[in-house]
Amino acid sequence: MTARLTKKRHSLALKIIASVGVILLSAFSAWAYFNLRQYRAKVMSHIICDCDRLSKAILLGTHYAMMFNAREDINQIINNMGRLEGLEHVRIYNKAGQIKFSNVKQEVGSTTGIETQACIICHRDKPPLEHVQLDYRKRFIPRQQGGRSIGVITPIYNEPGCSAGNCHAHPAGKKILGALDVVISLSQADARIYCYQRRLVMFAVLVFVATAAIVIFVLGRFFISPIRRVVEGTEAIARGRYDALAEFKKDDEIGGLAAAVDHMGREIGQKQQALNLQKDEYQRLFELVPCIISVQDRNYRLISYNREFSKRFAPQPGDFCYTAYKGRTEKCKRCPVEKTFQDGRPHYSEETGINKDGTLTHWIVKTAAMKDENGDVIGAMEMSLDITHLKQLEDLLAQSEKKYYAIFNNIPNPVFVLDKNLLEILDCTNSVGRLYGYRK
């Protein structure tokens, strides 16, 4: 029983620690996830804004050259901008999707399809969109060597100076002349995010371990250890140490529980002491009662018996009642115990048996049912009162009466026994008939 209680106690401690650990781990994981997500979104937002500002700066830088169609100046500006660290591509598309200017010479003159990632941003609707918000003009581009880049498309609008110029005027109804595509590498940003993520995870792990250690210490110091002491005290009470929790002092709920268990243990101890006294008294009465008492199970095997029974019949362990009482090998034909097993009621009978010294004995038997908590008869108590002396007195009285009648009947003179009041003849000797001629 102690091992089972110890196992349950350890299981409770593990459950508490595991539950707290899961809660802490979930809380720190959620905190780290949302913190990292917010940081990543913040970094990406800054990069997108910087990319958009860079696009506007390039457009402003090439605006004067575009007004005069100074292609060499435009190429020089784009090539110079392409030397910036992290800037991978700077492209200017015309309305047909042809790359007119780029910091990568191999791309100049090539045409992209409308369905490409760069063009579909504006051309997913018909007619194409003229104004698109910044969040919709960005795109993420995976790189073959690993990593990723971000591109921002910026429309080049037809200004009044372009439609009225003498060099290469565009129709006033043409609102979009082309687009500027700026692609920036995210290697540094991803590295910074990864570094932040690693530091965040390490910080979360350290905080989790520290918090878990503090929580485990608090649980062990203020909960697990007091509960263990209460359980050990309860086990000691079960073993008979009813004052095991008398010295447990704690001003909280566990202390209140310990006080209640201590009070319960003391009451149990008092009641157990009273029960033991009562049991001893009953046992003493059971042993010293002058009648014979035995207890049998439903197989008629002796379960218990008192000292008088043992002195009279000298039973052996495992004996049946009919073997101990009468030396029989099978159940008695008229058995009051059997009737009690059948109906659960008391029954009486007069029995004759053999004492252990071989003398004949007589007793009057009364049976009583023994029932379990469900009311089923599981045994029977057989109480026997020895009437051997009365039987002997009856035999002596019968013999004396027989002797009296023999003497009375053989008196030679007539003798009458008369009723005191009526003077009726109650009895007379045999000689009366011979003398008076009347039959006795």
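**Two sheets, their helices and a cavity**

Me: Which strands does helix 10 lie across?
Reply: Helix 10 lies across strand 6 (292-297), strand 8, strand 9 and strand 10 (377-386), and runs at about 145 degrees to strand 10. Helices (H or I, at least four residues) and strands (E, at least two) are DSSP runs numbered from the N terminus, and contact means heavy atoms within 4.5 Å. Angles, from 0 to 180 degrees, are taken between N-to-C directions of lines fitted to C-alpha atoms, for helices over the stretch in contact.

Me: What kind of model is this?
Reply: This is a predicted model, in which local features need pLDDT of at least 70 and side-chain atom pairs count only at pLDDT 80 or more, while totals for chains, interfaces and linings use all residues. Residues are numbered from 1 along each chain as its sequence is written, and side-chain values use heavy atoms, leaving out hydrogens and water.

Me: Back to strand 10. In what order do the strands of the open sheet 7 to 10 with strand 6 stand?
Reply: The order is 7-6-10-9-8, with antiparallel pairing; two strands pair if DSSP finds at least two bridges between them. Strand 7 (302-305) and strand 8 (347-354) are the edge strands, each pairing on one side only.

Me: How many bridges join strand 8 and strand 9?
Reply: Eight bridges join strand 8 to strand 9 (residues 360-371), in the antiparallel sense. Ile354 has Leu360 of strand 9 as its bridge partner. Helix 11 (residues 388-409) also lies across strand 8, strand 9 and strand 10, at about 140 degrees to strand 9.

Me: What about the sheet with strand 1?
Reply: That open sheet has five strands in the order 2-1-5-4-3, and its pairing is antiparallel. Strand 2 (99-102) and strand 3 (138-142) are at the edges with a single partner strand each, so one side of each has no neighbour in the sheet.

Me: Changing topic: where does helix 6 bend?
Reply: Helix 6 (residues 187-238) bends by about 45 degrees at Gly220, the bend being the angle between axes fitted to the seven residues ending there and the seven starting there.

Me: And how many cavities of 30 Å³ or more are found?
Reply: The search of the whole structure finds one. On a 1 Å grid over the protein atoms alone, a cavity is a set of points where a 1.4 Å probe fits but cannot get out, and lining residues have an atom within 4 Å of a point. Grid points are joined across faces, edges and corners, and the volume is the space filled by probe spheres set on them.

Me: Which helix gives the most to the lining of the largest cavity?
Reply: Helix 9 does, with four residues.

Methods: On a 1 Å grid over the protein atoms alone, a cavity is a set of points where a 1.4 Å probe fits but cannot get out, and a pocket is an open set with protein on both sides within 12 Å along at least five of seven lines; lining residues have an atom within 4 Å of a point.
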